[in-house]
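Hello,

Here is the structure I said I would pass on. My notes on it follow below.

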Amino acid sequence: MTALIYIDPQAIHPVIDGVWHRGRFTAIPKPGQGIRMLCGATGTAAFEPLERRRDDGAPKTCFDCEAIYMREHGIPVPPNHPSLQPRPVARRAGRH
Ligand SMILES: [Zn+2]
C-alpha cells in the first residue's frame with residue numbers, strides 16, 4: 001500500500017552552495033532531476049530532512065531570486081535591495 005507524503009511545491013526552496021533560492025515548481029522534482037531557479041542558477045534535485053538544512057550554517061538568501069519573486073507577486077522591490085546594488089566584476093582569467 002502506498003503511503004503518500006504531501007509536499008507543497010511552493011515551499012520548495014533549494015539550497016545550492018549555502019544559498020537558498022526560489023523556483024517556479026508546480027510539482028515535486030524527482031531526485032536527480034535538473035532544476036532551474038528564478039535567478040537562473042541550476043542544480044540537480046536531492047532531498048534531505050529539514051533538520052539538516054543548517055548543517056553547514058544557515059543558508060543565505062539569493063537576493064536575485066527574492067527580487068524576481070517580489071516583482072512577480074506585485075511586491076515593490078526597495079531601491080536599497082541587495083539585488084540592485086553594484087557588484088564587483090569578476091576578473092577574467094587568462095588575459096590576452
Ligand atoms: Zn537564486
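Is Gly-34 buried or exposed in this model? The model is predicted, and in it Gly-34 counts as exposed because 10 C-beta neighbours lie inside 10 Å; the cut-off for exposed is 12 or fewer. Gly-34 lies in strand 3, which covers residues 34–36. Leaving out residues up to four places away in sequence, Gly-34 touches Thr-42 and Thr-44. Thr-44 is 10 residues from Gly-34 in sequence, and the two are 4.4 Å apart in space, C-alpha to C-alpha.

Overall layout

The chain holds one helix and five strands. In sequence order the pattern is β-β-β-β-β-α, with the helix after the strands. The radius of gyration is 16 Å, whereas a compact globule of 96 residues would have a value near 12 Å. Along the principal axes, the C-alpha trace spans about 60 × 40 × 25 Å. Of the 96 residues, 10% count as buried. Among contacts with a separation of 6 or more, 34% are between residues 24 or more positions apart.

The sheet

Three strands make an open sheet with mixed pairing, in the order 1-2-5. Strand 1 (15–16) and strand 5 (60–61) are the edge strands, and each pairs on one side only. Strand 1 and strand 2 (residues 19–20) run antiparallel and are joined by two bridges. Across that pair, Ile-16 of the chain stands opposite Val-19 in strand 2.

Helix 1 and the core

Which residues of helix 1 are buried? They are Cys-65, Glu-66 and Ile-68. These residues cover an arc of only 165 degrees around the axis, so they are on the same side of helix 1. The buried residues of helix 1 pack against strand 5, which is one of the edge strands of the sheet. After helix 1 comes Gly-74, with a positive phi near 70 degrees.

Two of the buried helix residues, Cys-65 and Ile-68, also belong to the largest nonpolar core. That core has five residues in all, and the others in it are Met-37, Cys-39 and Cys-62. What does Cys-39 touch, not counting residues up to four places away in sequence? The list is His-21, Cys-62, Asp-64, Cys-65 and Ile-68. Of these, Cys-62, Cys-65 and Ile-68 are fellow members of the core.

After the helix

His-81 is found in the segment after helix 1 (63–72). His-81 is partly exposed, because 14 other C-beta atoms lie within 10 Å; a residue would need 20 or more to count as buried. Leaving aside neighbours within four places in sequence, His-81 is in contact with Phe-63 and Ala-67. His-81 and Asp-64 are 17 residues apart in sequence, with 9.5 Å between them in space, C-alpha to C-alpha. Asp-64 is also one of the residues that Cys-39 touches.

For a second look

If you open the model, two places are worth checking against these notes. One is the packing of the buried residues of helix 1 against strand 5. The other is Gly-34 with Thr-42 and Thr-44, the two residues Gly-34 touches beyond four places in sequence.

Regards

Key: Residues numbered from 1 in each chain as written. Predicted model: local features only at pLDDT ≥ 70, side-chain atom pairs only at ≥ 80, totals over all residues. Helix = DSSP H or I, 4+ residues; strand = E, 2+ residues; numbered from the N terminus. Contact = placed C-beta atoms within 7 Å. Pairing = 2+ DSSP bridges. Core = buried A, V, L, I, M, F, W, Y, C linked by C-beta atoms within 7 Å. Rg over C-alpha atoms; globule rule 2.2 N^0.38 Å. Arc of directions from axis to C-beta.
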